[in-house]
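Reader: I'd like to learn how to read a helix in a structure. Can you walk me through it?

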Amino acid sequence: MTTKPIWDAHVHLFPEEIYRNWDKYAARDTWFGMLTKKPEDGKGTEEAWANIDEALAAADKAGVWGLAMQGWYWNDEGMMIMHNDYMADAFHRHPDRLVGFASINPKFGSKALAEIERCASLGFAGIGELGPGGNGYDFNDPDFLAAMECAQHYKLPVCIHCGEPVGHPYPGRDMTSLSPLPGVAKRFPQLTLILAHMGGGLPFYAMNPRLQKSLGNVYYDTAANPLLYSIRSIKAVIAMVGVERLLFGSDFPLLLYPSRSREMDFSLFLTDIQDHAGLSAEESDRFFSDNFRTLFHLQ
Ligand SMILES: [Zn+2]
């Protein structure tokens with residue numbers, strides 16, 4: 001593995017108020033309801049819930065030091081603000097182990113920009129996870145571009161959910177075209193983009209020498225990787241974009257090996273990587289620790 005502090009770049013921790021009163025909030029935000037619906041037959045969504053203490057305890061157990069809390073693509077403004085307040089309180093209480101990415105829906109227009117400004121002043125480390133499919137925009141949308149400009153202004157990296165254009169269907173699968181993203185990266189050269197879920201396959205196209213230059217500010221994470229790809233994909237993406245571009249991210253508390261375990265934890269994925277990804281010691285140091293800490297100026 002690595003002897004350096006492991007940072008998970010992609011976890012989702014929701015206010016208990018929301019998941020304890022799931023019916024009420026799922027009705028208020030139906031996309032959220034669809035994505036996190038409890039399966040009646042024990043199959044279906046792999047969503048699970050963890051509060052801050054539970055997440056940190058699970059991290060301790062697996063030897064993970066820090067967690068980057070990703071927000072959510074809310075369609076309800078009140079839930080967006082409630083979630084951001086919850087995360088801000090958490091990273092203020094655990095400044096050494098938690099960083100927060102603000103929930104932002106660019107379609108809220110000027111209210112989204114005001115929320116970015118508010119979250120910058122609260123000490124958020126970034127913005128995301130943005131979910132274009134869930135909020136009904138694409139990567140050419142003027143509201144999305146205005147949010148990117150605002151994020152660049154506040155020097156906040158943006159994590160974007162990238163759905164894979166090829167593969168099996170599942171609820172909430174985001175088919176938003178990824179093709180404008182290199183243009184977005186080029187248009188905002190000071191903006192750091194973290195393309196979640198291995199950028200939906202974008203690393204392959206990043207090998208196009210014409211695109212390479214515009215993707216200098218783009219990173220990728222491995223959120224939900226075991227649900228989507230073979231563990232060999234990690235080494236493959238490193239070969240395509242360079243080890244300094246890939247961040248370890250899990251999508252905790254999502255159940256990544258649902259047929260093996262219904263318990264949320266970090267260790268199954270970590271062990272799978274350690275045993276089967278074939279990373280060198282130097283690659284492990286960078287992927288699990290150095291890349292994230294460098295990007296966010298952490299110890
Ligand atoms: Zn995602």
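Author: Sure, let's start with one face. On H5, the side turned away from its buried side carries the exposed residues Gly78, His92 and Arg93. Helices are DSSP runs of H or I with at least four residues, strands are E runs of at least two, and both are numbered from the N terminus. A residue is buried if 20 or more other C-beta atoms lie within 10 Å of its own, exposed if 12 or fewer, and partly exposed in between, with C-beta atoms placed from the backbone. This is a predicted model, where local features need pLDDT of at least 70, side-chain atom pairs count only at pLDDT 80 or more, and totals for chains, interfaces and linings use all residues. Residues are numbered from 1 along each chain as its sequence is written.

Reader: Which residues of H5 are buried?

Author: A general idea helps: an α-helix has 3.6 residues a turn, so residues three or four places apart point the same way. In H5, the buried ones are Met79, Met80, His83, Asn84, Tyr86, Met87, Ala90 and Phe91. They cover an arc of only 160° around the axis (taken from the directions from the axis to the C-beta atoms), which puts them on the same side of H5.

Reader: And which residues of H6 are buried?

Author: Those are Ala112, Glu115, Ile116 and Cys119. They fall within an arc of 105° seen down the axis of H6, so they line one face of the helix. On the other side of H6, Ser110, Ala114 and Ser121 are exposed.

Reader: What comes after H6?

Author: Gly123 follows H6, and its phi is positive, near 95°.
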